[in-house]
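Biologist: Please take a close look at the lining of the largest cavity in this model. I should also like an account of the cysteines.

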Amino acid sequence: MTEQKASASALLQRKIGKTLLACCWSLGIACGIIGYVSAESTLLPLMRSSVYGTMSIVGLLCISILPFLLSAFAVSISFPSLLYLLCFCKAFLFIFISFGILQSYTDAGWLVRCLLLFSDNVGVPLLYCFWLRHLPGCQKASLAENILFLASFLVLGCVDFRIISPFLAHLIFT
């Protein structure tokens, strides 16, 4: 009987955690849209110039793996509730930057956004999957699984640096 209660409690905790994570993601999206709309006039010129800046592999890898490393750190110190804050921040920044790029490049905004945010477009579902695996009450992932996530983010950053970014630069400068 006690085992059934523990199982039901863990199931309820998982459901609440998943719902809370989805709410944090949705709230981050809504706040990102509101934040961009309220600051649009001051940010629009800055968004266009972002494509012309230089990029290093170290910077791109840091941007690609930093959300994962912060999430892994939160899990490793047994503070998985921090994942909700990271989820909100990632959704906010992702949508905020996406709207800026779409507004800056009007008709070609969708293409520039896809290429400029390639690492995020592919990495966000992986990161969300990681968060779901490490919510309170969920089954803990193994070290091998965490290394696989890290390797995925590293490969993603390298593909972005070697293939996607040069292609975007070629499109813009020719």
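Modeller: In this predicted model, the lining of the largest cavity is made up of 6 nonpolar, 3 polar and 2 charged residues. The residues concerned are Ile-63, Ser-64, Pro-67, Lys-90, Ser-119, Asp-120, Gly-123, Val-124, Leu-127, Phe-153 and Leu-156. Among the nonpolar ones are Ile-63, Val-124 and Phe-153, while Lys-90 and Asp-120 are the charged pair. Three helices, α2 (57-76), α5 (118-133) and α6 (143-173), each contribute at least two residues to this lining. Of the elements involved, α5 gives the most, with 5 residues. The space enclosed comes to about 60 Å³, and the model holds 1 cavity of 30 Å³ or more.

As to the cysteines, the number of disulfides is 0. For Cys-23, the closest cysteine sulfur belongs to Cys-24 and lies 7.1 Å away, which is too far for a bond because a disulfide requires the two sulfur atoms to be within 2.5 Å. Cys-87 is likewise in no disulfide, its nearest cysteine sulfur being that of Cys-24, at 5.8 Å. The surroundings of Cys-23 and Cys-87 may be described by their accessibility. Cys-23 has a relative accessibility of 45% and therefore counts as partly exposed, a class that lies between the 20% and 50% limits. Cys-87 has a relative accessibility of 0%, so this residue counts as buried, the limit being under 20%.

Terms used: Residues are numbered from 1 along each chain as its sequence is written. This is a predicted model: local features need pLDDT of at least 70, side-chain atom pairs count only at pLDDT 80 or more; totals for chains, interfaces and linings use all residues. Side-chain values use heavy atoms; hydrogens and water are left out. Buried means under 20% relative accessible area, exposed over 50%, partly exposed in between (1.4 Å probe, protein chains only). On a 1 Å grid over the protein atoms alone, a cavity is a set of points where a 1.4 Å probe fits but cannot get out, and a pocket is an open set with protein on both sides within 12 Å along at least five of seven lines; lining residues have an atom within 4 Å of a point. Grid points are joined across faces, edges and corners, and a volume is the space filled by probe spheres set on the points. Helices (H or I, at least four residues) and strands (E, at least two) are DSSP runs, numbered from the N terminus.
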